[in-house]
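Colleague: Please give me a close look at a single part of this protein, and then relate that part to the rest of the fold.

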Amino acid sequence: MLKDYNDLLLGHKNFISQLSKDDAQSYKNMAEQGLLAKIMVIACCDARLDPVKLTGATCGDLFVVRNIANLVPEYKESGCGETVAAMQFAVNFLQIRDIIILGHSCCGGIASLLSSDNCNNEISLVYDWMQTAKPALDKLDGFCLENKTEDKTRSCEQLSIVNSLNNCHQYPWVKSRINQGLLRVHGWYFDIMSARMFYYNEQAKKFAAMLEEV
Ligand SMILES: [Zn+2]
């Protein structure tokens, strides 16, 4: 059942009452050691997508930034956005080793990009933000005109991840660390219906089931 705000207050009370000595020590250690995460995840805001749960990670493992449709804007010499600021902090300060761009099926952001009424004033900022993924939409028009709507949406969701991967590589401080072999950038796609993860295979230029590689 969906939780409301008061459920979260109760949830935190339970968290404190059930905190084991080991868990309490683990939090003390994290406070003393600082932020040590070596993996960054750029995920969609969608509440059905939980990077920690989906990967078996634990508290402190992942440096996560979330935005609508998990987009990485194209590189610009000036100007800033929260996603790019988080990326720069992660790459240059935390010296993370991997960036995962984590998209998913049934993405509302991508659906709005595909929708003919996406200029709605009530979500005009979403419309502006989603123009970041416009190159994915442009590629889709060439490939998927005959496809069913759900295939078209899925293709656009995946093409958008590839677009964000390409954008990510444009940042000089990302490119530099990749060239030194110190950083890798990955595209992941979570299918909510099957609860299965797919990854972008750079050589094959397509997404493949993650479990086949593990
Ligand atoms: Zn989404």
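Modeller: Helix α1 (residues 5-17) is hardly covered, since 0 of its 13 residues are buried, a residue being buried if 20 or more other C-beta atoms, placed from the backbone, lie within 10 Å of its own, exposed if 12 or fewer do, and partly exposed in between. This is a predicted model, in which local features need pLDDT of at least 70 and side-chain atom pairs count only at pLDDT 80 or more, whereas totals for chains, interfaces and linings use all residues. Residues are numbered from 1 along each chain as its sequence is written. The end C-alpha atoms of α1 are 19 Å apart, which agrees with the 18 Å expected for 13 residues at 1.5 Å a residue; the expected span is 1.5 Å times one less than the number of residues.

In the protein overall, 29% of the 214 residues count as buried. The secondary structure comprises 9 helices and 6 strands, where helices (H or I, at least four residues) and strands (E, at least two) are DSSP runs numbered from the N terminus. The radius of gyration is 19 Å, which agrees with the value near 17 Å for a compact globule of 214 residues; this radius is taken over C-alpha atoms, and the globule rule is 2.2 Å times the number of residues to the power 0.38.

The largest nonpolar core has 42 residues, and Met40, Ile42, Ala69, Ile99, Ile101 and Leu102 have the most contacts inside it. Such a core is a set of buried Ala, Val, Leu, Ile, Met, Phe, Trp, Tyr and Cys residues joined through C-beta atoms within 7 Å. Its largest share, 6 residues, comes from β1. In soluble globular proteins, nonpolar side chains tend to be buried together. Leaving aside neighbours within four places in sequence, Met40 is in contact (C-beta atoms, placed from the backbone, within 7 Å) with Phe63, Ala90, Ile96 and Ile99.

Further along the chain, strands β4 (residues 184-191) and β5 (residues 196-201) pair in the antiparallel sense over 4 bridges; pairing requires that DSSP find at least two bridges between two strands. Phe190 stands opposite Met197 in β5. The hairpin of β4 and β5 has 4 residues between the strands, and Ala195 takes a positive phi near 60 degrees. β5 also pairs with β6 (residues 206-209), in the antiparallel sense and over 4 bridges, with Ala209 as the bridge partner of Phe198. In the hairpin of β5 and β6, which has 4 residues between them, Lys205 in the turn has a positive phi of about 60 degrees.

Conventions. Two residues are in contact if their C-beta atoms, placed from the backbone, lie within 7 Å.
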